[in-house]
Amino acid sequence: MVDTADDNERRAFERLWDENHPRVLAYARRRAPTSEADDIAADTFLVAWRRRAQMPQDDEAVPWLYGVARKVAADRRRSGARQERLVDALGAEPGLRADEAADSGLLEALAELGEKDREALLLIAWEGLSSRQAALAMSVSEVAFRVRVHRARRRLASLMEARRAYEERAYRRPGLEGENQ
């Protein structure tokens, strides 16, 4: 394939990289094993280079890049799942995963949410996107995105409350804290 990019396109893309690579890499690190984050970020910018003519400009570039990174990460997960099924079919043992999440009730509750609900919350909370930008990243209307966030917040609160109630029951011991024996 012959690349016909001129110097202006190259400089513009280098600026895009310099300004946004750290954000895309951080996004990838929060959603994939650390060992895969660099590849996800690199693949995201490869797609951006190939589709530079269709890429939005200005404040819509970052949500667009997050949307690409999300799809790249999903492709890698699917590929990993296919690989694991192949390994299982061949009777070999898969290697240990490098992904180790922090032991937190919030992270555990987030993990229990559906992928789209989790992504909606993370785009707002961790990536700091507006509803309009996050909707663009997820390829949905802003209204649909706001509804998803509202429902996801309710689900997350419910999961967190259920965890708290479970932990309270698990750590409560009979005969302690003024109970009559």
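## A walk through an all-helix chain

Residues 24 or more positions apart account for 65% of the contacts in the protein chain with a separation of 6 or more. Keep that in mind as you rotate the view. You are looking at a predicted model.

**Stop 1: the whole chain.** Start with a cartoon view of the protein chain. The secondary structure comes to seven helices and zero strands, so reading from the N terminus you meet α-α-α-α-α-α-α. Now switch on a surface: the protein chain exposes about 12,400 Å², and carbon and sulfur atoms supply 49% of that area. Of its 181 residues, 31% count as buried.

**Stop 2: helix α2.** Select residues 34–50, which form helix α2. From the first C-alpha to the last, these 17 residues reach 25 Å, close to the 24 Å expected at 1.5 Å a residue. Show side chains and pick out the buried residues of α2: Ala37, Ile40, Ala41, Thr44, Phe45, Ala48 and Trp49.

**Stop 3: α1 against α2.** Add residues 7–31, helix α1, to your selection. How do two packed helices get described? By the angle between their axes and the distance between the axes. Here the axes of α1 and α2 come within 9 Å and cross at roughly 145°, and α1 passes α2 in a right-handed crossing.

Next, display the side chains where the two helices meet. On the α1 side, look for residues including Phe13, Leu16, Trp17, Val24 and Leu25. On the α2 side, the contact takes in Ala37, Asp38, Ile40, Ala41, Thr44, Phe45, Ala48 and Trp49. Colour the contact by residue type and you should find 12 nonpolar, three polar and four charged residues.

**Stop 4: glutamate 9.** Stay in helix α1, where glutamate 9 is found, and which is among the α1 residues that meet α2. Is glutamate 9 buried, partly exposed or exposed? At 32% relative accessibility, glutamate 9 counts as partly exposed, because that value lies between the 20% limit for buried and the 50% limit for exposed. Now add arginine 52 and draw a distance between the two C-alpha atoms: glutamate 9 and arginine 52 are 8.6 Å apart in space, although 43 residues apart in sequence.

**Stop 5: aspartate 58.** Move along to the loop between α2 and α3 (61–90), where you will find aspartate 58. Check its backbone: phi of aspartate 58 is near 60°, a positive value in a residue other than glycine. Most residues other than glycine have a negative phi. Aspartate 58 is exposed, with a relative accessible area of 69%.

**Stop 6: helix α6.** Select residues 131–138 for helix α6. This helix is mostly covered, with six of its eight residues buried. Those to highlight are Ser131, Gln133, Ala134, Ala135, Ala137 and Met138.

Zoom in on serine 131, which is buried with a relative accessible area of 17%. What does serine 131 touch, leaving out residues up to four places away in sequence? Its contacts are Ile124, Glu142, Phe145 and Arg146.

**Stop 7: serine 139.** Finish on the residue that follows α6: serine 139. It sits in the loop between α6 and α7 (142–171). Serine 139 has a positive phi of about 60° although it is not a glycine. Is serine 139 buried or exposed? Serine 139 is exposed, with a relative accessible area of 53%, whereas serine 131 is buried.

Methods: Residues are numbered from 1 along each chain as its sequence is written. This is a predicted model: local features need pLDDT of at least 70, side-chain atom pairs count only at pLDDT 80 or more; totals for chains, interfaces and linings use all residues. Side-chain values use heavy atoms; hydrogens and water are left out. Helices (H or I, at least four residues) and strands (E, at least two) are DSSP runs, numbered from the N terminus. The expected span of a helix is 1.5 Å times one less than its number of residues. Buried means under 20% relative accessible area, exposed over 50%, partly exposed in between (1.4 Å probe, protein chains only). Contact means heavy atoms within 4.5 Å. Accessible areas come from the Shrake-Rupley method with a 1.4 Å probe; for residues, only the protein chains shown count as cover. Axes are lines fitted to C-alpha atoms, for helices over the stretch in contact, and angles run from 0 to 180 degrees between N-to-C directions. A crossing is left-handed if the near helix is turned anticlockwise from the far one by less than a right angle, and right-handed if clockwise. Ala, Val, Leu, Ile, Met, Phe, Trp, Tyr, Cys and Pro count as nonpolar, Asp, Glu, Lys and Arg as charged, and the others, Gly among them, as polar.
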